[in-house]
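Colleague: Before I set anything up on this model, could we go through its open and enclosed spaces and the packing around them?

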Amino acid sequence: MPRAGLSRDAVVDAALALVDSEGPAALTLAAVAARTGVATPSLYKHVGSLTDLRNLLAVRLLDEFTAAATTAVLGLSGDTALEALMRAYHRYAMTHPHRYALLPQAPDPDPAVTAAADRFVEVCFAVLRGCGLADDELVHATRIARAAMHGFAVLHTSGGFGLPQSVDATLDRLIATVVHGVTAAAPH
């Protein structure tokens, strides 16, 4: 029988708290069990395995990430929306670096993770449609923006920008370059 007060959501909450405080490498069933005050085998009443827990985390984080992006672009269109999307992306990575590190970067076989990732891609597509892009150009522009933002986020969160010039100024230039470039490079 599951422990009173412990649920699948509570296990995911404990896993997120662990990741936030100790980083993604600390995520083990034993560490989550210790946080929830149960023996490791007791977690199996709520999650099937560490892979199952990682998938639950991925869905939660992708939905959180998508909600932040959606809020940022709501009511905006065109270049302004794309800039807001890119700033929301960076802000999420900087505010939640350990959570960001757990976001899946490749297609996942789990249907729930795939559906959550698709929701984020749809936000990107909606923003880029507002920039006048369609069909294959949506995919190309999404890849370009994602590659730029992911690379920048990984470098920034890992301390990769050690020179004294303003990282915020570099981010501004990156966003301006991508915003201008994705529409300028599209066939007319």
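The exchange below takes up the pocket, the cavity, the aromatic pairs and the nonpolar core of this predicted model.

Colleague: Which helix gives the largest share of the lining of the largest pocket?

Modeller: The largest pocket, with a volume of about 550 Å³, is lined by 20 residues, and those nearest its centre are Pro-104, Gln-105, Ala-117, Val-121 and Arg-146. Helices α4 (50-73), α7 (111-129) and α8 (136-157) each contribute at least two residues to this lining. The largest share, 7 residues, comes from α7.

Colleague: How do the residues of that pocket lining divide into nonpolar, polar and charged?

Modeller: With 20 residues lining the largest pocket, the division has to account for Pro-104 and Val-121 as well as for Arg-146, which are among the residues nearest the centre. The lining divides into 13 nonpolar, 3 polar and 4 charged residues.

Colleague: How much space lies in the largest cavity?

Modeller: The structure holds 1 cavity of 30 Å³ or more, and α5, α7 and α8 each supply at least two residues of the lining of the largest cavity. Among the lining residues are Leu-82, Tyr-89, Phe-120, Arg-146 and Met-149, and the lining as a whole divides into 9 nonpolar, 1 polar and 1 charged. The space in this largest cavity comes to about 110 Å³.

Colleague: Why is the pair of Phe-65 and Tyr-89 stacked, tilted or edge-to-face?

Modeller: A search of the whole structure finds 7 aromatic pairs. In the pair of Phe-65 and Tyr-89 the ring centres are 5.0 Å apart and the planes stand at 70°, and because planes over 60 degrees apart fall in that class, the pair is edge-to-face.

Colleague: Which helices does this pair link, and which residues form the cluster of ring pairs?

Modeller: Phe-65 and Tyr-89 are both buried, and they link distant parts of the chain, 24 residues apart, with Phe-65 in helix α4 and Tyr-89 in helix α5 (residues 78-95). The cluster linked by ring pairs consists of Phe-65, Tyr-89, Tyr-92, Tyr-100 and Phe-120.

Colleague: Which helix gives the most to the largest nonpolar core?

Modeller: The largest nonpolar core has 59 residues, of which Val-32, Leu-53, Leu-82 and Leu-85 touch the most other members. Several helices each supply at least two of its residues, including α1 (8-22), α2 (29-36), α6 (97-102) and α9 (167-184). The helix that gives the most, with 9 residues, is α4.

Technical notes. Residues numbered from 1 in each chain as written. Predicted model: local features only at pLDDT ≥ 70, side-chain atom pairs only at ≥ 80, totals over all residues. Heavy atoms only, no water. 1 Å grid on protein atoms, 1.4 Å probe; cavity = no way out; pocket = protein on both sides within 12 Å on 5 of 7 lines; lining within 4 Å. Points joined across faces, edges and corners; volume = space filled by probe spheres on them. Helix = DSSP H or I, 4+ residues; strand = E, 2+ residues; numbered from the N terminus. Nonpolar A, V, L, I, M, F, W, Y, C, P; charged D, E, K, R; others polar. Phe/Tyr/Trp six-rings, centres within 6.5 Å; stacked < 30°, edge-to-face > 60°. Buried < 20%, exposed > 50% of the residue type's maximum accessible area, 1.4 Å probe, protein only. Core = buried A, V, L, I, M, F, W, Y, C linked by side-chain atoms within 4.5 Å.
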